[in-house]
Amino acid sequence: MRAARLIKMVLLLQARPSMTAAELARELEVSERTITRDAQALSEAGVPVYADRGRAGGYRLIGGYRTRLTGLAKSEAEALFLSGVPGALREMGLEDAASAARLKVSAALLPSLKDASRTASQRFHLDAPAWFAEPKTPELLPEVAEAVWDDRRITARYRRQETDVERELEPYGLILKAGVWYVCARVPDPGSFRVYRIDRFTSVESGDERFSRDEGFDLPGFWAERAAQFARSLLRATIVVRLTEAGARRLKHTVDPLSAQEALAAAGPPDDAGRVTLTLPVESYDVAYTQFLSLGPEAEVLEPSELRGRFAEAAARTAAYYDTKADARG
């Protein structure tokens with residue numbers, strides 16, 4: 001307990017030119033008397049803590065002293081910046097590295113490790129909003145993850161329809177989306193970036209050859225663009241719908257948010273009842289039926305006629321359930 005407090009005290013003094021005993025006591029949640037004893041203990045241990053006397057006085061480190069975190073491996077430093085997603089670390093085979101790193105975070109990083117947070121964000125992106133599924137760890141994920149961290153080329157075989165395809169890949173980054181692992185990789189020939197589901201890999205071989213990473217590559221940005229393209233590719237049908245003000249507000253939570261935003265922007269002004277009519281791309285009429293049922297009376301499907309008929313039938317059946325006259329007769 002005291003050892004951790006002493007280390008934190010040193011780190012606080014490293015980060016600021018000077019701190020009073022009261023400021024240190026507040027940060028460390030101890031008394032000023034304890035701060036005095038701790039400063040003396042640090043001085044006796046060889047840490048140059050100096051106490052300035054007077055109203056403007058305080059504690060400071062002299063001689064440019066900085067504690068260094070010796071023994072922190074590069075993989076441990078990178079894993080440290082992913083410690084908020086322990087499940088992902090475990091699946092990538094980095095749990096031990098993260099555990100070792102957390103034992104060493106009470107001191108400052110070596111200069112050679114200062115870019116660990118940047119290199120971690122280049123190689124891993126977590127995208128898991130509001131999709132729920134039982135995660136299944138791909139068998140070959142640790143091998144792929146190791147190649148990603150080490151900038152090492154791999155030869156991967158993966159299932160494509162009924163056949164296996166072999167590719168030479170430069171694995172740039174991992175993406176975890178709704179429990180499914182993907183790798184973003186550059187295919188040396190023709191030099192384009194592609195996304196592969198790792199659970200479709202049947203084998204992965206990694207040699208000694210490393211590739212030169214494009215430091216300007218933006219993994220989150222690339223994934224966001226590809227995800228938007230994929231979402232758009234699913235929208236193969238169109239419906240016309242009239243929405244109340246409440247329905248318009250809830251639309252982005254019911255269908256693809258970007259499509260909802262664009263459809264609302266292109267719609268005309270509301271009618272006298274405050275309802276707005278818009279044309280909306282959807283995945284299919286069956287999917288649209290399920291989606292717009294959740295809006296209930298806040299949405300009226302106008303076209304196509306067959307889909308409108310399904311909603312009319314559903315509305316009649318629902319109304320029958322709440323027929324108070326029938327309940328009284330029963």
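Student: Which residue follows H2, and what is the sign of its phi?

Tutor: Glu29 follows H2, and its phi is positive, near 60 degrees. The model is a predicted one, in which local features need pLDDT of at least 70, side-chain atom pairs count only at pLDDT 80 or more, and totals for chains, interfaces and linings use all residues. Residues are numbered from 1 along each chain as its sequence is written, and side-chain values use heavy atoms, with hydrogens and water left out.

Student: Why is Tyr182 called buried?

Tutor: Buried means under 20% relative accessible area, whereas exposed means over 50% and partly exposed lies in between (1.4 Å probe, protein chains only). Tyr182 has 17% relative accessibility, so Tyr182 counts as buried, and Trp223, at 9%, counts as buried too.

Student: What makes Tyr182 and Trp223 an aromatic pair, and why is the pair called tilted?

Tutor: Rings of Phe, Tyr and Trp (its six-membered ring) pair if their centres lie within 6.5 Å, and planes under 30 degrees apart count as stacked, over 60 as edge-to-face and the rest as tilted. Tyr182 and Trp223 lie 5.3 Å centre to centre with 45 degrees between the planes, so they form a pair that is tilted.

Student: Why is the pair of Tyr196 and Phe201 tilted?

Tutor: The ring centres of Tyr196 and Phe201 are 6.2 Å apart and their planes stand at 50 degrees, so this pair is tilted. Tyr196 is buried at 7% relative accessibility, and Phe201 is buried with a relative accessible area of 6%.

Notes:
Helices (H or I, at least four residues) and strands (E, at least two) are DSSP runs, numbered from the N terminus.
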